Amino acid sequence: MASPDTFRILHGDLSRIVISWTLAIVSEGYTRAQLDKGDFDRDAKLVVDELLATAPFDDPGLNRLFVIAAVRVESERPGSEIKLLDPVPASSPFRTAFGAMYGRDSFEGKQIERALHGDSQLVKDKVQQFTDLATIENFLVIVNNDSTDGGLAHDGVGWFAKARSAWPKVAVHELGHQAFSLADEYAYRNSQSDPVRRLPTSPPPTEPVEPNITLDTNVATLKWVGLVTLPQTFVPGTVQAAACVRDHPLKPTDPEIPLNAVGAFEGAGYHDCGIFRPSRVCKMRDSAFPFCAVCQNAIRVKLGGYMLDQRKAEPPQKVGAWTHVLPFATRFAPGTLFYNSVLGNYALTDNFRFAILERRPDGSPLLVPGRPDIGVGNINAGWSTLAPFALGGVQHLFGHDFGSGRFAMWRLGGLGDTLIQTFFDTPGGTTSHVVIVTRDGAPHMIAYNMFTGDALMSRIDGNDAAPVDPVAMTWGAGITAVVPLELDGEPFVLTYRAFAGEVAIRKITASGFVMAFVRTAFWPTNITHVASTPKDGRPYVTRYAAGTGRMLIDHVRVNGTGLDFVCRVDPSPGPGAPSLFGIGAQVMGPFRSRNPGGLILFENLYLYRALSQELVEVFL
Ligand SMILES: [Zn+2]
Ligand SMILES: [Zn+2]
């Protein structure tokens, strides 16, 4: 009698399976005795360990989005008995659960031995018979055969045998095909002894759909242009021989082109000539190597979609009329400051309100519905820019009025629910943007004027005096968004120039700045808001186009050397005039809320829609 199939969760939380990236690892060719001995459990764990040690799956920001299950299905006979049959019979004589057989494909009339698969639909059915696993989207089958090498992605299921000592790496390669639509980056079809092949030129070949191979080596149009690290003169980085050769020599450079450099290298997609891959090595070319940057990026983008779980989002909260909504630490917790520059009113919240906590953290009476504040007051009308900063461990606020040129500072006072003005001045200068960064442990104000293109950095030594030691910088006119970033403890500023779609990241230094990244036409020209939204200790920025309502998230590379698109917020928060003040008025930012009664902080994102006076919490 057949034993019942069983499953076990190897990674992640079963209760989150519906909103996670999901993978089932399934047994093929394991007998009852072998299953009881733990052979499959051990093999499945090897695959999971390999996957979680492989970039970008090793990224804690991503792998918390996974649920991986091992599904045990018993076979009558062991997979070690599966041998190559020529021709391949219609059904397997080997009496394994899914009928896996070698030699399922041929090339130039010759059977490809390593083309291994069985009944992929039956694999999916066996997994999805469990109600808990009905939503699993990705499938890998371990074929319990350690004598004949083989693997294939077939009908949405990745299959592989255990012949190579590093077979779990083959499993991760097959997952690259199956779950992330990556192409093989090697040049042969069957084996290295295949004859050398050039892509036919008639009819003209069409561009492959996969993100990691291309016919195009023009840097201006290359599909992975945003990730290229080699100078243009080294794209392609291989010598294009008149006679087609396997393993094209590299263009001579000193030092040699690094293995992980991104450019274009000839030889990919089962052809030696005419198709290019991004890097010299990649797991999609040889499973012993890491994924190249282009493949990693494709995986990241796909997994990033799971960062956003709209299904548990609260309905938008009516919070009243404001012009500025910015992150601001209150006495109790990370909170939010609301300011109305027409009336001068402000309100502070501790964000608990938006986690539907029913009473104030100090135990005082229930909040009045529609008054989500822990403190209210008036700091006068007309502040166009408000910038929060910490001084001596106390939350402060810097204000600037673009119209009159006046400046002011406030500190958090009372019971952490009041703003107390500590400084006021009217120097007469005007600036369109003010941000505050921390450099060498001290807050520094950077004032940028979008009309002159000048930026001035000065140190804030106290809350009762003007900032000192000004350092003048030239950033150029027309910047529409200025966003401070902290990367590995160092201060950076990201700027966006709407008319050119230009994004720049400057590292702030004692003498001004060092440009870490700059590219025009990098983002579309319709972005109205950009905010730093760090999560799990990793730097992200969120951009929002009020006109289309679309919101997208990018990851900031180490040392600010670039941005990688991660995911689109889907569904989008929707269009709407998000701010009455275009210049310098923040209405979007990180939002840290706590479980009702719990200690878990959620790192989410808020967006304030002035038109409907709603605060939308976007769950990350
Ligand atoms: Zn492959
Ligand atoms: Zn690759």
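A nonpolar core is a set of buried Ala, Val, Leu, Ile, Met, Phe, Trp, Tyr and Cys residues joined through C-beta atoms within 7 Å. Keep that in mind as you work through this predicted model.

**Exercise 1. Get your bearings in the chain: how many helices and strands are there, and what share of the residues is buried?**

Start with the secondary structure: the chain has six helices and 34 strands. Next, burial: 44% of the 620 residues count as buried. Last, look at contacts between residues at least 6 apart in sequence: 54% of them join residues at least 24 apart.

**Exercise 2. Find the residues that touch the most other members of the largest nonpolar core.**

This core holds 77 residues, and the ones to pick out are I446, V483, V493, L494 and L607. Now ask which element gives the most to the core: that's strand β18, residues 407-413, with five residues. Then zoom in on V483. Leaving aside residues up to four places away in sequence, V483 touches V493, L494, V530, A531, S532 and V541. Finally, don't miss the other core lying apart from this one: it has 75 residues, including W21, V67, F276 and A293.

**Exercise 3. Place I68: which strand is it in, and is it buried or exposed?**

First, locate I68: it sits in strand β3, which covers residues 66-72. Second, count its surroundings. A residue is buried if 20 or more other C-beta atoms lie within 10 Å of its own. I68 has 24 C-beta neighbours inside 10 Å, so it counts as buried. Third, list its contacts, again skipping residues up to four places away in sequence: I68 touches L10, H11, G12, L23, I25 and V48. Fourth, check I68 against R8: they're 60 residues apart in sequence, yet their C-alpha atoms are 8.7 Å apart in space.

**Exercise 4. Describe how helices α2 and α5 pack.**

Here's the recipe: two packed helices are described by the angle between their axes and the distance between the axes. Take α2 (residues 39-52) and α5 (residues 167-180): their axes come within 9 Å and cross at roughly 65°. Angles of 65 to 115 degrees count as roughly perpendicular, so α2 is roughly perpendicular to α5. As for handedness, the crossing of α2 and α5 is right-handed.

Now for the residues that meet. From α2 come L46, V47, E50 and L51, and from α5 come P168, K169, A171 and V172. Sort the residues of this contact by type and you get six nonpolar, no polar and two charged.

Technical notes
Residues numbered from 1 in each chain as written. Chains lettered and ligands numbered in written order. Predicted model: local features only at pLDDT ≥ 70, side-chain atom pairs only at ≥ 80, totals over all residues. Helix = DSSP H or I, 4+ residues; strand = E, 2+ residues; numbered from the N terminus. Buried ≥ 20, exposed ≤ 12 C-beta atoms within 10 Å, placed from the backbone. Contact = placed C-beta atoms within 7 Å. Axes fitted to C-alpha atoms, helices over the stretch in contact; angles between N-to-C directions. Parallel < 35°, antiparallel > 145°, perpendicular 65-115°, else oblique. Left-handed = near helix turned anticlockwise from the far one by under 90°. Nonpolar A, V, L, I, M, F, W, Y, C, P; charged D, E, K, R; others polar.
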